[in-house]
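Me: I am new to this structure and should be grateful for a close look at one part of it, the surroundings of the bound molecule. Please then relate that part to the rest of the chain.

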Amino acid sequence: MISTRRPIQVLPEHLANKIAAGEVIQRPESVVKELLENSLDAGAKEITVVIEEGGKKLIQVVDDGSGMDEVDAANAFLRHSTSKIATYEDLEEIRTYGFRGEALASIAAVAQVTLKTRRSDDEVATVIQIDGGAEPRISKEGKEPGTSISVQNLFFNVPARRKFLKSDNAEFRHIYDVIQRAALSHPEIALQFVSNGEIILDVRPAGLQDRMVDIFGERQFGGMVWLEERSDPLSVHGYIGKPTFGQKTRLNQYLFLNRRYIVSRQISHAVFSAYEHLMIKGAFPFFLLFIDIDPRRVDVNVHPSKLEAKFDDEQNIYRFVSNLVRKCLSTNDLIPATSMDSTGLNNIGLLFTDRQHTPFLGGWGEGMADQAVRTFVDPATGEITGNHPAGGAQLAATLLASPESLEREFDQAARVEQQETQVSPNLESGMPIWHLHDKYILVPVREGVMVVDQHVAHERVLYERTVARFEASRPPAQQLLFPQTVQLSPADYSLFEELHTYFQQLGFEVKLFGKNTIVVEGAPPDVKSGNEVKIIEELLGAYKERQQHPGIDARDALAKMYSCKAAIKAGDKMNDQEMRALLGQLFETKMPYVCPHGRPVVLKVSIAELDRRFGRT
Ligand code: ADP
Ligand code: MG
C-alpha cells in the first residue's frame, strides 16, 4: 500500500496510548466503566459519578478508596502499569476488575484528565493533570482521603471519534446502564449518579434484595423469584422473572461472573431453555444471576472491554444454570405441569428428563398446532357447544394417561385426528372433571390435579384462532339476523375506518355508512349474539388506551383484545361437555400454559406437593 517503505520504529508512548485507547475507550460509557472498576478495586465504600452532556463534556468519579501516593499516582498513567498483577501466575487467578494497566493511560491520551488522590496516611493529596497524553503537571492540594478523577472533553483530539458519538441522551443511557450494573453487583456500596446537576441515582448500602427494589421498584421486584445453589467450584444465586413477567426486550438480563458484568450467549441460552414454552413468543425472561466460580477456571482476559469470558467447562455451567432455573420455576409452582416426584424436588438432575418434558410441554401443542381452526361456539346460537374436535379430546385423554404411554398415545391421537374419527369415549364419560366456582376446571392427572382458568384458557384458544385467521385471511363471519346501525363519535369512527380491514379479518362484517355511522352485519362466530356492538366498542376503547404506547403492533393488539373480550368470563356457567371441549381445544394451541397477556392458564398441583404439605414425606 505504501510506496516508499519507512524503517520500523517503536511508536512513542503517547501515540501508542492513543491507538490503544481506540480499543479500550469507545465512548463515555467505557470511561465510566473503567473508573468505577478502579474505585471498586481500591476498596471504595462510597462512589459518586458526575457527568455533563452525556459524559462528552465531563465525567468525574469520586471515591473513598485507598488512594495513591505521589509515585503511584504518576505511574498510574503509564501504559501497562498496574498494581494488581505482577506475575503470570497472578494473571491466571484474577480477583480484581483491572489488571491490564491500560485504562488510565488510554483515557489520558484522548481527554483532559485531572487526578486528585490521597491515602489516609498522607497529609495532602497529589494532583496530576494530563492533556491528551501531554507531559503531566504535578501539584499538591488538600483533600479528604480517596481518589477523584475528572475526564473532560473526551476525544477532543480525535475528531473522528468525537463525531461518532451519539446524542447526549443516548450516551447518558449507556452510562446509566453501567452505573445500574455496578449498583446491582455491589449493593454494599453507596452510589450516587449526577447528570447535568440532577441526581439520577442515590442508593445507600443495602443487601441485594433492597438494592433490587431500589433499582427496579417494588412492583417489578414482585415479579421475581429468588434462586440459589451453592457448590464447589461453582455457585449461582440471584433472581429470575416469573414466566408471566416476560419482558419485550432482552435488556433486563444481567449476568455477573465473580461480580463482573458479562455477556454470554451460552449462559443466557441456558436460562431461556428453562422457560421454553412458558412464555409467549417474543417475550424474554428477566434474570439477574451471580455466577461465582474459582477464578482459575475462567479466563476474563479474552475481550477488549472484558465483557466476555472463557470457561474451562462451559457445558457443565450450562447444565447447572439451566437445571437450577428449571428447579426454581417448578418448585415455585411456576411451571404449570411437571411430572416431578419427591426426589425430583430435591435433586435438580432428576427433573425434566426428555421423556417428561417433551411430550407434555412441547409435543402436543406443536404437533397439533397446524390443524385447522375449529368452531367452539355454536354459530347459530352463539353458545358454547360440545362439538369439540376429536383430536383435542384424544389429547386431553392422553393427559390422563401415564407418562410412559404419552408418546404412544400422542402418535395415536395424531392418527385419529387425521382419520376424522369420533370423540374419544375416554374424555366423554371417563375421568371426572369438576367446575369450581364457575371459574376453574379441575382435572385429575396421573401425578396430581390440574387447575385450568376457564377465561384465560378460552382467551388462549381464541387468540390462536384469531392469529390463524389473520394469516389465512378468510374471515368466518356469522350473519346477524338484524343488522345493527351504530352511531360512533367522530374520533371512534375515524379509528374504526383505520382499523376496518383488521376488523374484517377478525370476522366482523361492518359497512361504513358515513356520518359517523356503521352498520354491523356479521360477527365472528365466537361472539355471543347480542354482544357484537358492545365488543366493537370495547375494542375501540381498549385500542385507544393502548395507542398511547408507541410501537404497538395494531393487528396483534387487536387480536389480544378481541380474544379477551370475546372469551368466556369467570362466573360463566359451563356444563361438563363444554368444559371437556375447552380442554380439548386448549391443548391443541401452541401455548396452552400462558394467555396472550402472559397470565398462566394451567397450574398443576402434584401429589408429591400435596404429600409434602401434609407431611407425608
Ligand atoms: P488497572 O486497573 O488495569 O490496574 P488502570 O490504568 O485502570 O489499570 O489503573 C492503573 C493503576 O492505578 C491501578 O492498578 C491502581 O493501582 C491505580 N488506580 C487507578 N484508579 C485508582 C483509584 N480510584 N484508587 C486507587 N488507585 C487507583
Ligand atoms: Mg482499571
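To begin with, which residue has a polar side-chain atom 2.9 Å from a nitrogen atom of ligand 1?

Reply: The residue is D63, whose polar side-chain atom lies 2.9 Å from a nitrogen atom of ligand 1. The model is predicted, and local features need pLDDT of at least 70, side-chain atom pairs count only at pLDDT 80 or more, and totals for chains, interfaces and linings use all residues. Residues are numbered from 1 along each chain as its sequence is written, chains are lettered from A and ligands numbered from 1 in the order written, and side-chain values use heavy atoms, without hydrogens or water.

D63 is joined by two further polar contacts to ligand 1 (pairs of N or O atoms within 3.5 Å). In one of them, an N or O atom in the side chain of N38 is 2.8 Å from an oxygen atom of the ligand. In the other, the backbone of L104 takes part: one of its N or O atoms lies 2.9 Å from a ligand oxygen atom. On its own, ligand 1 has 530 Å² of accessible area, and the protein covers 93% of this area (Shrake-Rupley method, 1.4 Å probe). There are 18 residues around the ligand (a heavy atom within 4 Å), and those that come nearest are N38, T82, S83, K84 and G101.

Beyond the ligand, the chain contains an open sheet of eight strands (DSSP E runs of at least two residues). The strands follow the order β5-β4-β3-β6-β2-β1-β7-β8, and their pairing (at least two DSSP bridges between two strands) is mixed. At the edges stand β5 (137-141) and β8 (198-203); each has a single partner strand, so one side of each is left without a neighbour in the sheet. Further inside that order, β1 runs parallel to β7 (residues 190-195), and six bridges join the two strands. V49 illustrates this pairing, for its bridge partner in β7 is F193.

The loop between β1 (46-52) and β2 (58-63) holds E53. This residue is not a glycine, yet its phi is positive, near 50°. E53 has a relative accessible area of 37% and is partly exposed (between the limits of under 20% for buried and over 50% for exposed). K306, also a residue other than glycine, has a positive phi of about 60°. Its place is in the loop between β14 (298-299) and β15 (310-311). In contrast to partly exposed E53, K306 is buried, at 5% relative accessibility.

Another loop has a cis peptide bond, which runs from D232 to P233 with omega near 5°. P233 is found between β9 (224-230) and β10 (234-241).

An open sheet of three strands, ordered β19-β21-β20, has antiparallel pairing. Its edges are formed by β19 (478-487) and β20 (509-514); each has a single partner strand, so one side of each lacks a neighbour in the sheet. Six bridges link β19 with β21 (residues 517-523) in the antiparallel sense. Within β21, V520 is the bridge partner of Q484.

To return to the part you asked about, the contacts of ligand 1 include the side chain of D63, the side chain of N38 and the backbone of L104.

Conventions:
A polar contact is a pair of N or O atoms within 3.5 Å; within protein, one must be able to donate a hydrogen and the other to accept it, and residues adjacent in sequence count only if both atoms are side-chain atoms. Helices (H or I, at least four residues) and strands (E, at least two) are DSSP runs, numbered from the N terminus. Buried means under 20% relative accessible area, exposed over 50%, partly exposed in between (1.4 Å probe, protein chains only).
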